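Thanks for coming. I will walk through one structure today, taking the sheets, then the salt bridges, then a pocket.

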Amino acid sequence: MYIFGETDKGKIRKTNQDYYTNRVISSDLGYSIVCDGMGGAEGGEIASKMAAEYIDHALFENLSSNLADGQLMDLLTQSVKNANSEIYHYSIDKENLRGMGTTVVAIIVKNNKIFGISDGDTRLYKINKITHEIKQITKDHTFVQILVENGQITKEQALTHPKKHIITRALGVEEAIDTDNFKTDIQNNEIILICSDGLYNYMDEQSLIKKTIDSAKIGTVKPLIDLANENGGGDNITAVILTGGAVNG
């Protein structure tokens with residue numbers, strides 16, 4: 001399996017509050033973490049970096065091919081919850097950082113199985129490079145998603161809703177956090193895309209599919225980053241791609 005990614009501050013923001021980490025443990029084991037910070041320029045940048053680095057350290061120290069599926073999910077869940085606690089307690093001791101937090105999608109990949117956790121509006125998609133079908137595996141924790149689920153607005157209306165950026169769950173904001181756990185797999189004809197809202201909010205679905213497939217072919221997410229910037233680049237942009245094959249960092 002190949003894992004590669006890139007982050008970019010975009011054309012408008014002065015700082016990049018996104019942070020990501022990919023790591024290969026062995027030929028059949030790896031992981032990726034993508035975070036998008038919130039709480040002011042300094043707070044968001046610190047929160048996303050703290051979360052990704054804490055989860056990265058916990059997984060690197062404890063991850064092994066010998067762990068069973070349930071143990072992998074338990075490790076991931078505990079790592080995310082501990083990261084949440086670290087960010088929360090760090091922020092309450094510093095007045096200028098209170099309320100900071102970050103979204104997260106963190107996954108472990110073992111033998112083409114994906115074990116994941118998400119909080120916030122960072123997304124994980126599965127894209128079939130043969131049929132060009134796309135499926136969002138994660139669920140957005142946002143105000144507009146609640147409105148959609150309650151039938152108050154349509155998915156199309158959610159795309160331009162003035163409150164679409166309000167998230168309802170993030171690491172570091174509360175002392176304890178609930179997590180969305182998911183499990184999926186990746187076939188040889190599939191691509192996994194993990195991305196912050198600075199990517200998917202700046203292109204339509206068909207463009208997202210095409211540029212993801214283009215990126216997978218050349219081993220860089222630059223086509224995705226470039227298109228988001230061409231379409232305004234109004235937010236920080238992060239994309240990570242996983243494809244079938246040998247693991248590569």
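**Two sheets, some salt bridges and a pocket**

Before the details, I will start with the pocket lining by residue type. The lining of the second largest pocket holds two nonpolar, five polar and five charged residues. Please keep in mind that this is a predicted model. I will come back to the pocket at the end.

Let us take the sheets. One open sheet has five strands, in the order S2-S3-S4-S5-S8, with antiparallel pairing. At its edges are S2 and S8, each of which pairs on one side only. Between neighbouring strands of this sheet the turn is 15 degrees on average, with direction ignored.

One pairing in that sheet as an example. Strand S5, residues 113–119, is joined to S8 by six bridges, and the two run antiparallel. Within this pairing, Ile117 has Asn181 in S8 as its bridge partner.

Another open sheet also has five strands, in the order S1-S10-S9-S6-S7, and its pairing is antiparallel. Here the edge strands are S1 and S7, the latter covering residues 134–136, and each pairs on one side only. From one strand to the next, the twist averages 20 degrees.

Now to strand S9 in that sheet. What does S9 pair with? On one side there is strand S6, residues 123–128, which runs antiparallel to S9 and is joined to it by six bridges. Ile127 is the residue that stands opposite Ile191 in S9. S9 also pairs with strand S10, residues 237–243, over five bridges, again in the antiparallel sense. In that pairing, Ile191 stands opposite Thr243. So Ile191 is a residue to look for on your screens.

Is S9 buried or exposed? Six of the six residues of S9, which spans 190–195, are buried, so the strand is largely enclosed by the rest of the structure. The side chains point two ways: Glu190, Ile192 and Ile194 go one way, Ile191, Leu193 and Cys195 go the other, and all are buried.

Further along the sheet, S6 pairs with S7 through three bridges, and these two run antiparallel. Tyr125 stands opposite Gln136 in S7.

Next, the salt bridges. How many are there? The count comes to 11. I will show three of them.

The side chains of Arg13 and Asp235 meet in a salt bridge, at 3.2 Å from N to O. Arg13 sits in the loop between strands S1 and S2, and Asp235 in the loop between helix H7 and S10, so this pair ties together parts that are 222 residues apart in sequence. The two partners differ in label: Arg13 counts as partly exposed at 34% relative accessibility, whereas Asp235 is buried, with a relative accessible area of 7%. The cut-off for buried is under 20%.

The next pair is Lys49 and Glu53, whose closest N and O atoms are 2.8 Å apart. Both lie in helix H1, residues 40–62, and they are four residues apart, about one turn of the helix. Lys49 is partly exposed, with a relative accessible area of 36%. Glu53 also counts as partly exposed, at 34% relative accessibility.

Then there is Asp69 with Lys183, where the closest N and O atoms are 3.1 Å apart. This pair links distant parts of the chain, with Asp69 in helix H2 and Lys183 in strand S8, 114 residues apart. Asp69 counts as partly exposed, at 27% relative accessibility. Asp69, Lys113 and Lys183 are joined into one network by salt bridges that share partners.

Back to the pocket, as promised. The second largest pocket has a volume of about 270 Å³. Which residues line it? They are Arg13, Gln17, Asp36, Gly37, Met38, Thr103, Asp121, His165, Ile167, Asp197, Asp235 and Asn236. Two of these names have come up already: Arg13 and Asp235, the partners of the salt bridge at 3.2 Å, are both in this lining. Which strand gives the most to the lining? Strand S3, residues 29–38, does, with three residues.

To sum up, the model has an open sheet in the order S2-S3-S4-S5-S8 and another in the order S1-S10-S9-S6-S7. S9 is largely enclosed by the rest of the structure, and Arg13 and Asp235 form a salt bridge. That is where I will stop.

Conventions:
Residues numbered from 1 in each chain as written. Predicted model: local features only at pLDDT ≥ 70, side-chain atom pairs only at ≥ 80, totals over all residues. Heavy atoms only, no water. 1 Å grid on protein atoms, 1.4 Å probe; cavity = no way out; pocket = protein on both sides within 12 Å on 5 of 7 lines; lining within 4 Å. Points joined across faces, edges and corners; volume = space filled by probe spheres on them. Nonpolar A, V, L, I, M, F, W, Y, C, P; charged D, E, K, R; others polar. Buried < 20%, exposed > 50% of the residue type's maximum accessible area, 1.4 Å probe, protein only. Pairing = 2+ DSSP bridges. Salt bridge = Lys/Arg side-chain N within 4 Å of Asp/Glu carboxyl O. Axes fitted to C-alpha atoms, helices over the stretch in contact; angles between N-to-C directions.
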